[in-house]
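I opened a fresh page for this one and went through the model a topic at a time. Here are my entries, kept short.

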Amino acid sequence: MQMRSVVSSRAAPAGAISSNAMNVKKRLLDGARMNRAIRRMAIEIVEKNRGIKDLLIVGIRSRGVPIGERIAKEIESMEEHPVPFGILDITLYRDDLTTIAPQPVVKPTKLPEPIDDKIVVLVDDVLYTGRTVRSALDALIDFGRPRAVMLAVLIDRGHRELPIHADVIGKTVPTDADEVIKVRMAELDGEDEVLIMEK
């Protein structure tokens, strides 16, 4: 029996196939493997920064938020000290804004403290063309001038259109351009899993 996906909250480009019309090709991660990947990401972030001084974790809406929250909790558990966590909404910074909806819903950006001279770790679910990250950088710089910005993604699927790379990756997955990566998070979707979808 073929599994069906749920509709992703991340808007698809104009002309893209609805995820409702796609079938599951492969399950990349279940809940346990996702948690292990996120734990490894947290460890790598701490190691790359030689600790947590001036560190700020910022999740990109929507699925970057629960992933970022989990990374922050893992770091707190390891280092026995909380790490500030924020949420970034990039809706108005997207270069496809005119194609996603007549009136896009803008949700608040919530940063727990000024980002000036901080090491900001942007967190997202899937790194694909790089356009989401470009939008996130534009949005972030409107709030100040961080000392450095890192990118942490759960899945890197390739097919970059902009010169953007991730510093911390949960899993690298070679994909075809017509495949779709579907990340489901328990906080938003009721279950943790990562799927490759196809027509």
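**Entry 1: a glycine in a strand**

I began with Gly 170, which counts as buried because its relative accessibility is 14%, under the 20% cut-off for that class. I should say at once that I am working with a predicted model. I placed Gly 170 in strand β6, which covers residues 168-172.

Which residues does Gly 170 touch, leaving out those up to four places away in sequence? I listed Ala 37, Arg 40, Met 41, Val 153 and Leu 154. I also checked Gly 170 against Asn 35: the two are 135 residues apart in sequence, yet their C-alpha atoms are 9.8 Å apart in space.

**Entry 2: the chain overall**

I stepped back to look at the layout. The chain has five helices and eight strands, and their order along the sequence reads β-α-β-α-β-α-β-α-β-β-β-α-β.

How much of the chain is buried? I noted 44% of the 199 residues. For the exposed area I wrote down about 10,400 Å², with carbon and sulfur atoms supplying 51% of it.

I then looked at contacts with a separation of 6 or more, and found that 71% of them are between residues 24 or more positions apart.

**Entry 3: a positive patch**

I turned to charges on the surface next. Lys 26, Arg 36, Arg 40 and Lys 171 form a positive surface patch. Arg 40 is also on my list of residues that Gly 170 touches.

I looked up one member of the patch, Arg 36, and found this residue in helix α1, residues 31-48. Is Arg 36 buried or partly exposed? Its relative accessibility is 41%, so Arg 36 counts as partly exposed.

**Entry 4: salt bridges**

My search of the whole structure gave 19 salt bridges. I picked three to look at in detail.

The first pair I took was Lys 48 and Glu 44, whose closest N and O atoms are 3.8 Å apart. Both residues lie in helix α1, four residues apart, which is about one turn of the helix. Lys 48 is partly exposed at 44% relative accessible area, and Glu 44 is partly exposed too, at 27%.

Next I took Asp 189 and Arg 63, a salt bridge with its closest N and O atoms 2.6 Å apart. Why does this pair tie together parts that are 126 residues apart in sequence? Asp 189 lies in helix α5 (residues 186-189) and Arg 63 in the loop between β2 (55-60) and α2 (64-79), so the salt bridge links those two places. Asp 189 is buried with a relative accessible area of 19%, so I kept in mind that buried means under 20%. Arg 63 also counts as buried, at 5%.

Last came Glu 193 and Arg 184, where the closest N and O atoms are 3.1 Å apart. I noted Glu 193 as buried at 4% relative accessibility and Arg 184 as buried at 11%. Which residues are joined into one network by salt bridges that share partners? I wrote down Arg 27, Arg 184, Glu 191 and Glu 193.

**Entry 5: backbone oddities**

I finished with the backbone. As a reminder to myself, most residues other than glycine have a negative phi, and most peptide bonds are trans. I went looking for departures from that.

Where is there a cis peptide bond? I found one joining Arg 61 and Ser 62, with omega about 10°. Ser 62 sits in the loop between β2 and α2, and Arg 63, from the salt bridge with Asp 189, is in that loop as well.

For positive phi I checked two residues. Asp 54 has phi near 65°, a positive value in a residue other than glycine. I located Asp 54 in the loop between α1 and β2, where its 24% relative accessibility makes it partly exposed.

The other is Glu 80, with a positive phi near 55°. Glu 80 is in the loop between α2 and β3 (85-88). How accessible is Glu 80? I noted a relative accessible area of 73%, so Glu 80 is exposed.

Key
Residues are numbered from 1 along each chain as its sequence is written. This is a predicted model: local features need pLDDT of at least 70, side-chain atom pairs count only at pLDDT 80 or more; totals for chains, interfaces and linings use all residues. Side-chain values use heavy atoms; hydrogens and water are left out. Patches are made of residues with over 30% relative accessible area and no salt bridge: like charges are joined within 9 Å, nonpolar side chains (Val, Leu, Ile, Met, Phe, Trp, Tyr) within 5 Å. Accessible areas come from the Shrake-Rupley method with a 1.4 Å probe; for residues, only the protein chains shown count as cover. A salt bridge is a side-chain nitrogen of Lys or Arg within 4 Å of a carboxyl oxygen of Asp or Glu. Lys and Arg count as positive and Asp and Glu as negative; His and the chain ends are not counted. The place of a charge is taken as NZ of Lys, CZ of Arg, CG of Asp or CD of Glu. Buried means under 20% relative accessible area, exposed over 50%, partly exposed in between (1.4 Å probe, protein chains only). Contact means heavy atoms within 4.5 Å.
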